[in-house]
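This report describes a protein model with a bound ligand, for a reader who will want to weigh the geometry with care. Please look over the sequence and the structure before reading on.

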Amino acid sequence: MSRYWSAVVHGLTPYVPGEQPKLDNLVKLNTNEHPYGPSPRALEAIRAATGDSLRLYPDPNADALKAALAQRHGLLPQQIFVGNGSDEVLAHAFMALLKHERPLYFPDITYSFYPVYCGLYDIAHRTVPLTEDFSIRAEDYLPQGDERAGAIIFPNPNAPTGRLLALAEVEGIVAANPEAVVLIDEAYVDFGGDSAITLVDKYPNLLVVHTFSKSRSLAGLRVGFAAGHPALIEALERVKNSFNSYPLDRLAIAGAVASVADEEHFQQSCRKVIATRETLVAQMGGLGFAVLPSAANFIFARHPAHDAAALAAALRQRAVIVRHFKAPRIDQFLRITIGTDAQCEILVAALREILAG
Ligand code: PMP
């Protein structure tokens, strides 16, 4: 607190990111990073971009990256917006497209940055409870008489549950809300879902946001993008160009372009994570955990006989870090990122020891 703070700052409740511990040799399964490295072609492109050209500002429009993403997804460059991580893309979308007189709808259990942006930008919002089994129910997002959303956002798969809503149900929500922007945050879709990007040509109210931090293993580079109708993209550009003209630096643009070009590395490394997830889910079941069905690079699990916070603390003592949220409905769950096979074996061995003790 300080008397120098603006009233806005006094009123903020900032997002708390997962811990980035300074210690080596931890099994770090707490922030949903990819366990395998980025495309070697991306690393090479980043190295090649370090040189005298760093004197110069980057392309403010990151045209090379927009072109690569447009081609990859069968869209036009005017249908792509890029930003400094998908968090920045989301932030601009909250301000540009999700702030209306009618409330923004999102699930009660979801990415905890959404209410933070609502606080920052003073956005009216309504949380829609997930069902008992932690699913999003599409009907809850359909207009009911006079009552309808001003805009809608949810992750698919949802975070931190990992549960996927079928693409047909997503389309049902988009089609039933032509007056409202529907933003699908697909940070984790490459680990088991069908992307709604295939629908953006059909629906002018659909915006789909992706990140390079998860399936492309480039969390440290900070790249995210949105795909949607050119009018939605223009709204994001207007906010971006009123805030920071150069959100992507030269290294980020070079690395991201090369990553998009390496489809094989992308597919293969995602397949590996999915295979490890299936093994881990089975092993966790064997230890007595109830695990929600996951289409993401993490699982959400609880043990009927053991307190989740105590389990997280006991894992930490064994140098394994997972994420625990002290929040209503989910405080008995652990969110565990899918690591390498070796990391997951260490996790399972540690859990076995803790449960036996
Ligand atoms: N959306 C969801 C659902 C996430 O879990 C995350 C990661 N915390 C993000 C967006 C943001 O990812 P990034 O800013 O690294 O692209």
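The sections below take up the ligand site, the packing of two helix pairs, and some unusual backbone geometry in the loops.

## The ligand and its surroundings

The model is predicted, and the values given here are computed from its atoms. The ligand is surrounded by 13 residues, of which S86, D185, Y188, T211 and S213 come nearest. Sorted by class, this shell is made up of five nonpolar, four polar and four charged residues. Among the structural elements that supply the shell, helix α4, which spans residues 85-97, gives the most, with four residues.

Polar contacts can be described for both backbone and side-chain atoms of the protein. A polar atom in the side chain of T211 is placed 2.5 Å from an oxygen atom of the ligand, while an N or O atom in the side chain of Y188 lies 2.7 Å from a ligand oxygen atom. In the case of D87, the backbone provides the contact, with one of its N or O atoms 3.0 Å from an oxygen atom of the ligand. Taken alone, the ligand exposes 400 Å², and the protein buries 91% of that area.

## Packing of the helices

Two packed helices are described by the angle between their axes and by the distance between those axes. Helix α4, already met as a contributor of four residues to the shell around the ligand, packs with helix α5 (residues 113-121) at an angle of about 45°, their axes being 10 Å apart. Because of that angle, α4 is oblique to α5, and the crossing of these two helices is right-handed.

A second pair is formed by helix α2 (residues 40-49) and helix α8 (residues 250-261), whose axes come within 8 Å and cross at roughly 150°. That angle is over 145 degrees, and therefore α2 counts as roughly antiparallel to α8. The crossing of α2 and α8 is right-handed.

## Backbone geometry in the loops

Where do P157 and P160 lie? The place of P157 is in the loop between β5 (151-155) and α6 (167-176), and P160 is likewise found in the loop between β5 and α6. The peptide bond that joins N156 and P157 is cis, with an omega of about -5°, and the bond from A159 to P160 is also cis, with omega near 5°.

A further backbone feature concerns A62, which belongs to the loop between α2 and α3 (63-73). Although A62 is not a glycine, its phi is positive, at about 45°.

Terms used:
Residues are numbered from 1 along each chain as its sequence is written. This is a predicted model: local features need pLDDT of at least 70, side-chain atom pairs count only at pLDDT 80 or more; totals for chains, interfaces and linings use all residues. Side-chain values use heavy atoms; hydrogens and water are left out. A residue is near a molecule or strand if one of its heavy atoms lies within 4 Å of it. A polar contact is a pair of N or O atoms within 3.5 Å; within protein, one must be able to donate a hydrogen and the other to accept it, and residues adjacent in sequence count only if both atoms are side-chain atoms. Accessible areas come from the Shrake-Rupley method with a 1.4 Å probe; for residues, only the protein chains shown count as cover. Ala, Val, Leu, Ile, Met, Phe, Trp, Tyr, Cys and Pro count as nonpolar, Asp, Glu, Lys and Arg as charged, and the others, Gly among them, as polar. Axes are lines fitted to C-alpha atoms, for helices over the stretch in contact, and angles run from 0 to 180 degrees between N-to-C directions. Angles under 35 degrees count as roughly parallel, over 145 as roughly antiparallel, 65 to 115 as roughly perpendicular and the rest as oblique. A crossing is left-handed if the near helix is turned anticlockwise from the far one by less than a right angle, and right-handed if clockwise.
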